[in-house]
Amino acid sequence: MKTNRNLIVAALTVLLMASCKKDAHMLTVINEDGTCMRELTKHVSPRELMDSEMYPNNGKETDMEEWEQTWSLKGEDLRHSLPMTEAQYDSIQREHPGKQVADLVLKHYRREFPTVQEMSQNLPLGEKPLKVESSLGKHFKWFYTDYEFKESFDNDTNDSLFSFPIPLDRFISADSASYWFTGQPDLSENYNGAELKDMLDEIEGKISKWVNANMFTEFYDNISDNYDKVKNPPVSKERFMALRDTLAVSPAILNMEPFDHDGKIFKQVINDYYQSDAFTSWANLSDSLDRHYSKYGNILVLSTAYDLVMPGKVTDAGMGIYDGQVIHYKLTGERLIPGVYTIAATSRVTNVWAFIVTFLVILLAIGSFFYRAKAVKQ
């Protein structure tokens, strides 16, 4: 879609710098007794693999010391202990000339937990972590035991990447926003191709307006932050900020193409409204755009393949795809924009012992019946 393409183009520099994020992977294994295991996989720099005088930790991050840390070549299952030796590093470099070792090697962090709650509380997610909560329900039904696992990722934290000055719900309903960014709830049911396109075009138009309003707001806030540079301002700083949201949703802003790089429309709207160029004659558009693109870039860079293994047979994979053994989900920044993103699954374990006990009870009852019948005849 046009909006997503523009977001990606705008954040291209950030994405290129973190292109290795595409191999980030998270595996979660839930056991029948409620214990669990989590393994994180990602590309890292050589200093996080090798021992050196500058980083004398045997290639292990000290803040992850409770995790088992190993490394492997991308595409191979064989795990190697840390630190990586210089000989190993040089061998990889010789076998792959012209490529960076950091792009060829994956580092793995593995840890077992007694409960899913403790697991979610120990999930490293960078400098601005999300709020993560997990729950595991276990429902005994004699012949079967059902397991319900949920893990929610909440973007509502202090200094969050996802706190936008103009909220999304001013432009679009919660269901439509969730469908656009996460695919759920499925609003495409009973739509033909043409009707689905019309619906998506309508949603995309609203998302574009929201993006435009926030871009303008970044530019406007940058002027406010540097208000002392404004010569002979036509209004006070307080009045200037009070009018921000009004100008952000003006037709000229909402209807422009997303990511107006030269900023002419931004400046024109402000100049026309205040009948003065005092606010814009000195303003450096690149400062506010860099801040805006950086925010979107960091959101888009957040991308992890999330695999879940449940006990028994999966009966409901939620938003994931079940291949018969593993449920595959996507945990991405875009999916977190509307709010809480929840990964959920249900599985069923057959209690073989219950069938055996039941069979023995039935067998005993039948035997008792014939024994009593035989005793009566005697």
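**Stop 1: helix α6**

Start by selecting Ser176, Ala177, Ser178, Tyr179, Trp180, Phe181 and Thr182 in helix α6, which are buried (buried means under 20% relative accessible area, exposed over 50%, and partly exposed in between, with a 1.4 Å probe and protein chains only). Helix α6 covers residues 174–182, and because 7 of its 9 residues are buried, the helix is largely enclosed by the rest of the structure. Step on to Gly183, just after α6, and you will find a positive phi of about 90°.

A quick word on what you are viewing: this is a predicted model, in which local features need pLDDT of at least 70 and side-chain atom pairs count only at pLDDT 80 or more, while totals for chains, interfaces and linings use all residues. Residues are numbered from 1 along each chain as its sequence is written, and side-chain values use heavy atoms, with hydrogens and water left out.

Now zoom out to the whole chain. Its secondary structure comes to 14 helices and 12 strands; these are DSSP runs, numbered from the N terminus, with helices being H or I of at least four residues and strands E of at least two. Of the 378 residues, 43% count as buried. Among contacts with a separation of 6 or more, 69% come from residues 24 or more positions apart (contact means heavy atoms within 4.5 Å).

**Stop 2: the sheet of 8 strands**

Next, select the strands in the order β4-β3-β5-β2-β1-β8-β11-β10, which form an open sheet with mixed pairing. Two strands pair if DSSP finds at least two bridges between them. Strands of a sheet pair through backbone hydrogen bonds, either parallel or antiparallel. The edge strands here are β4 (80–81) and β10 (321–322), each pairing on one side only.

Which strand of this sheet should you pick out next? Try β2, residues 36–42: 6 of its 7 residues are buried, so β2 is largely enclosed by the rest of the structure.

- β2 and β1 (residues 25–30) run antiparallel and are joined by 6 bridges. Select Leu27 and look for its bridge partner in β2, Glu39.
- The two strands form a hairpin with 5 residues between them, and Gly34 in the turn has a positive phi of about 95°.
- β2 also runs antiparallel to β5 (residues 105–113), through 7 bridges. Here Cys36 stands opposite Phe113 in β5.

Further along the sheet, select β8 (residues 303–309) and β11 (residues 327–332), an antiparallel couple joined by 6 bridges. Thr304 stands opposite Leu331 in β11.

**Stop 3: the sheet of 4 strands**

Move on to β6-β7-β12-β9, an open sheet with antiparallel pairing. β6 (131–141) and β9 (313–316) are its edge strands, each pairing on one side only. From one strand to the next, the twist averages 25° (axes are lines fitted to C-alpha atoms, for helices over the stretch in contact, and angles run from 0 to 180 degrees between N-to-C directions).

At the β9 edge, 3 bridges join that strand to β12 (residues 341–350), running antiparallel. Asp316 has Thr346 in β12 as its bridge partner.

Staying in residues 341–350, where β12 lies, select Arg348: Arg348 lies over the face of Tyr144, at 4.8 Å from the ring centre. A charge sits over a ring if NZ of Lys or CZ of Arg is within 6 Å of the ring centre and within 35 degrees of the ring normal.

**Stop 4: aromatic pairs**

How many aromatic pairs does the structure hold? There are 20, counting rings of Phe, Tyr and Trp (its six-membered ring) whose centres lie within 6.5 Å; planes under 30 degrees apart are stacked, over 60 edge-to-face and the rest tilted. Trp142 and Phe143 have ring centres 6.5 Å apart and planes at 70°, so this pair is edge-to-face. Trp142 is partly exposed at 33% relative accessible area, and Phe143 is partly exposed too, at 27%.

Then select Phe216 and Phe266, another edge-to-face pair, 5.6 Å centre to centre with 75° between the planes. This pair links distant parts of the chain: Phe216 in helix α7 and Phe266 in helix α11 (residues 264–274) are 50 residues apart. Both are buried. To widen the view, add Phe219, Tyr220, Tyr227, Phe240, Tyr273, Tyr274 and Phe279, which ring pairs link with Phe216 and Phe266 into a cluster.

**Stop 5: Thr217**

Finish on Thr217 in helix α7, residues 193–225. Is Thr217 buried or exposed? It counts as buried, at 0% relative accessibility. Its side chain reaches the backbone oxygen of Ala213 at 2.7 Å. Show Pro165, Ile166, Arg244 and Ala248 as well: these are the contacts of Thr217 once its neighbours within four places in sequence are left aside.

Definitions and conventions
A polar contact is a pair of N or O atoms within 3.5 Å; within protein, one must be able to donate a hydrogen and the other to accept it, and residues adjacent in sequence count only if both atoms are side-chain atoms.
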